[in-house]
There are 2 protein chains.
Amino acid sequence: MATMRDVAKLAGVSLATVSFAINNTKPVAPATLERVREAMDTLDYRPNAIARALASKRTRIIALLFPMEDHSLSGTALKFFTAAAEAASELGYNLILWPGDNGAEHIDRVVSNGLIDGVILMEVHLDDERVVRLRELGVPFTLIGRTRELSGISYVDVNFEGAVIDALARFEALGHRSIGIVFDDDGDPGTSDYGPVARTRDTYLERMRAIGATPGIFSCAESSSAGRALVPRILAEMPDVTALLLINEHASPGIVSALAAHGRPVPEAVSVLVVGASVDIVSAADPELTVYESPSRELGRRGVRDLIQRLENPNLEPAAALVDCRYVDVNSIAPARPRA
Amino acid sequence: MATMRDVAKLAGVSLATVSFAINNTKPVAPATLERVREAMDTLDYRPNAIARALASKRTRIIALLFPMEDHSLSGTALKFFTAAAEAASELGYNLILWPGDNGAEHIDRVVSNGLIDGVILMEVHLDDERVVRLRELGVPFTLIGRTRELSGISYVDVNFEGAVIDALARFEALGHRSIGIVFDDDGDPGTSDYGPVARTRDTYLERMRAIGATPGIFSCAESSSAGRALVPRILAEMPDVTALLLINEHASPGIVSALAAHGRPVPEAVSVLVVGASVDIVSAADPELTVYESPSRELGRRGVRDLIQRLENPNLEPAAALVDCRYVDVNSIAPARPRA
DNA sequence: ACAAAACAGTGAACCGGTTAACTTTTTGGT
DNA sequence: ACCAAAAAGTTAACCGGTTCACTGTTTTGT
């Protein structure tokens with residue numbers, strides 16, 4: 001493999017000049033530039049990323065930190081990963097995948113060996129010790145999600161609240177008043193401090209209060225069978241339910257089929273909307289369900305872009321982006337018909 | 001951040017001794033070792049991965065190459081990714097995620113900058129130009145999947161044939177003779193050279209010939225609705241079908257519900273087995289389906305382990321591992337009952 | 001026509017480790 | 001005791017780039 005030294009020799013210039021020519025760090029005369037280019041071509045020269053990193057103290061590697069005790073690491077996560085890796089690649093960066101427990105020591109291990117320029121943090125909690133540690137260490141980072149305290153923090157998050165508000169408005173417009181909500185199981189939805197759950201729950205409760213309806217909050221594991229098993233509980237606690245807002249993508253198909261089995265077909269008897277899922281997964285329900293699709297790709301791209309931009313220009317403003325879900329309508333809601 | 005130089009000074013030894021102490025590359029007297037350890041502790045020293053990589057010409061980074069024009073990059077892929085990253089992490093390596101088109105130039109870009117010690121290649125085709133290129137370049141690699149020509153190549157693959165043989169045997173034992181098979185759409189299953197498809201198809205055809213049954217090969221896109229849409233075609237071409245082998249996980253729920261809608265409930269009228277899917281996704285079908293679950297985690301771990309072992313000991317034998325699917329039985333098959 | 005400024009290019013230190021070759025000290029056999 | 005061999009350490013070159021301070025040459029303004 002040819003080195004810069006070889007190129008310099010062949011082009012009849014100094015090492016430094018080659019470096020300047022490559023990075024155009026300093027102006028180089030057109031003729032010289034041409035000679036260097038030719039030399040690089042004939043030698044099939046590729047700059048060595050490691051040497052470059054050592055000398056410049058910038059590795060152009062960013063880490064994607066995600067927890068292994070995943071919940072919601074589902075269909076959307078994969079899209080997120082690939083979109084993030086693509087975006088990084090387009091900008092000349094590399095994305096390292098870093099699974100791990102949550103926790104501050106984990107951060108230390110990732111960062112301390114100097115391999116990484118910055119971090120993308122997934123599955124952020126409202127109070128997240130990893131964020132604290134990253135700040136202490138002075139490592140640039142961008143959140144996917146939001147902490148409670150956001151001053152000076154760069155984040156890209158899904159606009160769950162917006163989707164919930166929109167969904168509830170649609171239900172209400174169709175005359176629904178008895179509207180239940182279904183979360184996944186990790187962290188009691190009553191107390192969870194996982195951002196999307198907490199915010200969605202609050203938005204829901206507030207709206208229910210506003211229209212004077214009794215809220216019905218449920219949760220089950222992230223699986224279709226858990227969804228099926230949950231339905232009797234829902235019908236017992238909320239016998240007059242006419243609409244369900246699902247925040248649990250994997251459970252959705254099971255919920256729908258169990259509703260039908262209990263004589264409450266969707267959408268005739270119960271209207272259903274899903275928030276923050278991937279269409280791939282939810283379309284397994286029969287009938288298919290209208291979804292506020294999680295903008296995973298967008299999230300991945302935006303997160304990575306923001307981080308890299310700020311790496312290259314540290315005094316840039318932190319990002320504060322809320323990305324809307326896409327409403328994918330397949331008519332799984334209908335006017336409320338009170339049960340005979 | 002403390003450097004080795006600092007440690008050496010504090011411990012009163014030379015740079016080299018510190019290096020030997022850290023990597024135990026050369027014996028160091030116990031007393032000296034202790035002093036070095038202490039110095040490292042008090043300085044909170046972490047070796048710099050980049051400098052180490054430059055000097056030792058080993059980055060301890062491996063790349064996971066996966067195509068973006070995915071098919072089957074589905075529920076199983078995510079598990080695969082995280083298992084691979086975990087395994088790498090446990091062995092002190094880092095996993096870079098590298099999406100891209102297929103193609104040999106893609107390989108060049110990944111490898112040429114010296115950032116990477118080895119490559120894990122996903123979604124391997126029977127004749128894969130990337131494999132050729134990797135060999136030319138002399139880059140260590142491990143396949144997830146298998147090429148046609150395997151001499152000297154390290155691979156870890158799912159034992160699809162085994163699963164298909166087992167599944168067909170179960171069908172036959174229950175008296176089924178009219179057995180259809182459903183692939184996903186990428187690459188006509190009649191001619192595809194994507195390994196799993198090609199091998200599965202061949203195994204199926206061979207077995208059908210053996211029992212003197214007429215084969216029925218179908219395919220549709222990787223979605224539940226495509227599955228639903230496919231059912232009428234299946235029933236038209238194979239009106240007497242009593243068993244279906246599905247190689248298309250996302251389509252499975254749709255196929256099941258459409259079968260029911262056409263008066264052929266599963267498993268009473270049609271027995272169904274799914275090969276190479278993830279339980280998460282297929283369990284969305286109602287009733288749930290018996291699955292030969294794709295051993296994605298195992299695949300990820302084994303692939304990474306093999307690659308790293310061979311990086312550290314280049315004259316190790318290449319891996320040649322076929323990993324069995326796990327049979328997850330939920331009774332979606334029943335004795336054949338010829339249609340009235 | 002001449003000093004000042006702008007432009008091209010070079011040399012060498014440096015990033016933070018690894019490792020081969022060499023020196024010094026210790027050990028052991030006779 | 002004495003010498004050869006083993007053990008423990010050290011020195012310095014090297015990995016392949018980046019970048020700062022500097023030199024020599026050309027351009028510009030007046």
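Student: A phosphate oxygen of DNA strand D sits 3.1 Å from a side-chain N or O atom of Asn23(A). What makes that a polar contact?

Tutor: Keep in mind that this is a predicted model. The cut-off for a pair of N or O atoms is within 3.5 Å, and the Asn23(A) distance is 3.1 Å, so the pair counts as a polar contact.

Student: What about the backbone of Met4(A)?

Tutor: A polar backbone atom of Met4(A) is 2.8 Å from a phosphate oxygen of DNA strand D, so that passes the 3.5 Å limit too.

Student: Which part of DNA strand D supplies 64% of its atoms within 4 Å of the protein?

Tutor: Sugar and phosphate do. On the protein side, 29 residues surround the strand, with Met4(A) and Ser19(A) among the closest.

Student: Which helix gives the most to that surface?

Tutor: Helix 4 of chain A, with five residues.

Student: How do you know that Cys325(A) has no disulfide?

Tutor: A disulfide needs two cysteine sulfurs within 2.5 Å. The closest cysteine sulfur to that of Cys325(A) belongs to Cys220(A), 19 Å away, so they are too far apart for a bond. In fact, searching the whole structure turns up zero disulfides.

Student: Why is Cys325(A) called buried?

Tutor: Buried means under 20% relative accessible area. Cys325(A) has 14%, so the word fits.

Student: And why is Cys220(B) called buried?

Tutor: Try the cut-off of 20% again: Cys220(B) has a relative accessible area of 6%, so Cys220(B) is buried.

Terms used:
Residues numbered from 1 in each chain as written. Chains lettered and ligands numbered in written order. Predicted model: local features only at pLDDT ≥ 70, side-chain atom pairs only at ≥ 80, totals over all residues. Heavy atoms only, no water. Near = heavy atom within 4 Å. Polar contact = N/O pair within 3.5 Å; in protein donor to acceptor, adjacent residues only side chain to side chain. Helix = DSSP H or I, 4+ residues; strand = E, 2+ residues; numbered from the N terminus. Buried < 20%, exposed > 50% of the residue type's maximum accessible area, 1.4 Å probe, protein only.
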